[in-house]
Amino acid sequence: MAHVVIMPKQGQSVESCIVTEFKKKVGDKVAVGDILFSYETDKASFDEESKVEGTVLACFFNDNDEIPCLENVMVIGEPGESFEEFAPGGSAPAAAPAAPAVEDVPQDTHATLGTVRGGTGAERSEASGGVERSETVSGGASSNAGVSPRAKHLASEKGVDPNQIVGSGPGGRVIERDVIAAAASPRSGLAKAMMAQGGLQAPASGSGLDGMVKGSDLKTWKPSHTDIAGEGSEFKVEKMSNMRKLIAKSMYNSLQNSAQLTHMLGADARKIQALRKKAKKAFEEGKIDANVTINDFVCYAVIKALKKFPKVNSHCLGDAMRLFNVVNLGCAVDTERGLMVPCVKHAEDLNITGLSKALKQVADDCRKGSINPDLLSAEAASFTVSNLGGFGVEWFTPVINLPQSAILGVGTIVARPKDLGGGVYAFVPYLGLSLTYDHRALDGGEATRFLKQVATEIETLDIDF
């Protein structure tokens with residue numbers, strides 16, 4: 001009996017995934033546990049393993065195709081079995097040969113369904129090497145990136161043209177949240193007329209009254225890497241990865257759509273340095289099961305401070321605030337694929353060793369590419385900590401992960417002079433703290449008091465190992 005392999009749904013916020021590589025092709029024999037294909041969401045990557053043994057009868061997509069979650073991707077069975085009924089959209093792919101000898105099957109032959117992407121535009125199909133391809137030609141914003149079914153339905157309800165929306169899904173796909181943002185942005189008559197002609201991008205908020213987008217706010221689409229002229233002996237043009245484009249868009253949107261300001265303060269680090277030595281010794285002696293780091297102590301102090309300043313532990317929603325009574329702590333992690341910000345849910349319930357293990361776990365999952373995408377959502381965390389101290393950075397201005405109201409940057413420890421009283425001065429280790437906050441959500445005084453509270457918690461931590 002033929003077995004259908006579908007695109008898994010990795011988290012509630014994921015609508016589609018991009019296949020980075022098909023490991024098995026039409027005609028290949030597979031065993032239980034063999035990797036069929038690798039795929040990625042906006043930031044995490046996964047391998048899909050075969051649940052059955054047999055022969056690949058059909059493959060409905062190609063490498064780098066974006067596939068909706070729960071869509072049929074492949075069919076595995078016995079040679080000669082029918083598989084046409086499993087083809088997405090009702091179109092049958094090229095059949096596998098009856099004789100399953102792998103050497104007789106072209107390695108680049110797997111069928112691709114003609115899928116209209118981008119809503120409007122002329123569809124063009126061509127056959128090459130036994131592979132049917134489909135391309136949509138359109139002057140809109142999402143001509144080749146695609147529009148998710150939910151986004152398309154919502155766009156129809158809201159009267160929004162999805163082809164004029166910059167997608168934030170994998171590969172630039174327009175998803176539901178993009179339509180919601182576009183529908184919330186009022187546009188002048190001139191702006192609507194100019195956008196109808198194509199080739200222009202509207203910001204989330206314009207310069208008109210109540211954020212209305214005017215004609216002067218529209219921007220010309222930036223060319224893709226294939227449009228950049230002059231590549232030669234002096235430089236090469238390298239296309240951004242899907243993840244890099246998403247990070248770039250997120251950072252740009254954060255700075256464009258919030259009033260960000262950074263305050264900096266030093267915290268006396270003698271206490272946490274002493275605690276770090278005690279924790280290391282306790283770990284080596286087997287008294288605790290986590291190697292607690294300086295960053296763990298800082299995050300622990302931040303959690304205590306957030307409980308005393310609930311307005312900082314919040315999301316700014318424009319004209320409303322989402323105030324959290326739990327601490328969902330985000331922690332920036334540097335990986336080979338780029339910056340990720342996983343979240344530790346209900347961090348306030350953890351003791352120092354529990355927090356240390358939780359932070360290490362999500363960081364390891366990010367580096368392995370196995371992190372739950374829901375934990376990477378911008379709305380998953382209520383506050384974020386970004387630590388560059390390991391790189392020797394003393395101070396910096398971190399960018400807020402919207403809709404969060406603030407983010408704390410942690411720098412390296414540097415010796416600085418301090419008045420110890422009685423006219424005695426000495427060099428004391430200081431930890432650099434940089435708080436970037438959204439001035440729409442927090443006043444400078446409250447932000448400063450919170451930052452001072454973080455420093456106080458660091459300087460007075462009392463943990464027994």
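Begin by selecting Lys51, which counts as exposed because its relative accessibility is 55%. The model on display is a predicted one. Next, add the side chain of Glu48, which joins that of Lys51 in a salt bridge, with 3.3 Å from N to O. Glu48 counts as buried, since its relative accessibility is 12%. The cut-offs behind these two words are under 20% for buried and over 50% for exposed.

Remain in this part of the chain and select Ser50. Ser50 is placed in the loop between strand 5 (45-49) and strand 6 (54-59). Is Ser50 buried or exposed? At 3% relative accessibility, Ser50 counts as buried. To display its surroundings, select Val30, Ala31, Val32, Gly33, Asp34, Leu36 and Ile76, with which Ser50 is in contact when neighbours within four places in sequence are left aside.

Proceed to Asn64, in the loop between strand 6 and strand 7 (66-68). Its backbone merits inspection: phi of Asn64 is near 75°, a positive value in a residue other than glycine. Most residues other than glycine have a negative phi, and most peptide bonds are trans. Asn64 counts as exposed, given a relative accessibility of 59%.

The following stop is a group of charged residues. Select Asp268, Arg270 and Lys418 together; a network of salt bridges links them. Side chains of opposite charge can pair when their charged atoms come close. How many salt bridges does the count give? The count comes to 13.

Now colour helix 6, which comprises 15 residues. From its first C-alpha to its last, helix 6 reaches 22 Å, close to the 21 Å expected at 1.5 Å a residue. Which residues of helix 6 are buried? Among them are Asn295, Asp296, Phe297, Val298 and Cys299, and further along Ala301, Val302, Ile303, Ala305 and Leu306.

From there, select Asp289 and Lys357. Their salt bridge has its closest N and O atoms 2.9 Å apart. This pair links distant parts of the chain, 68 residues apart: Asp289 is in the loop between helix 5 (270-284) and helix 6 (294-308), whereas Lys357 is in helix 7 (residues 352-368). Asp289 counts as exposed at 52% relative accessibility, while Lys357, at 39%, counts as partly exposed.

Stay on helix 7 and display the side chains of Lys360 and Asp364, which meet in a salt bridge of 2.9 Å, N to O. These two residues are 4 apart in helix 7, so about one helical turn separates Lys360 from Asp364. An α-helix has 3.6 residues a turn, so residues three or four places apart point the same way. Lys360 is exposed, with a relative accessible area of 53%, and Asp364 counts as partly exposed at 24% relative accessibility.

Then select His346, in the loop between strand 19 (343-344) and helix 7. What is the phi of His346 near? Phi of His346 is near 50°, a positive value in a residue other than glycine. His346 counts as partly exposed, at 40% relative accessibility.

The tour ends at Leu402 and Pro403. The peptide bond from Leu402 to Pro403 is cis, with omega near 10°. Pro403 is found in the loop between strand 20 (383-387) and strand 21 (406-421).

Key. Residues numbered from 1 in each chain as written. Predicted model: local features only at pLDDT ≥ 70, side-chain atom pairs only at ≥ 80, totals over all residues. Heavy atoms only, no water. Salt bridge = Lys/Arg side-chain N within 4 Å of Asp/Glu carboxyl O. Buried < 20%, exposed > 50% of the residue type's maximum accessible area, 1.4 Å probe, protein only. Expected span 1.5 Å × (residues − 1). Contact = heavy atoms within 4.5 Å.
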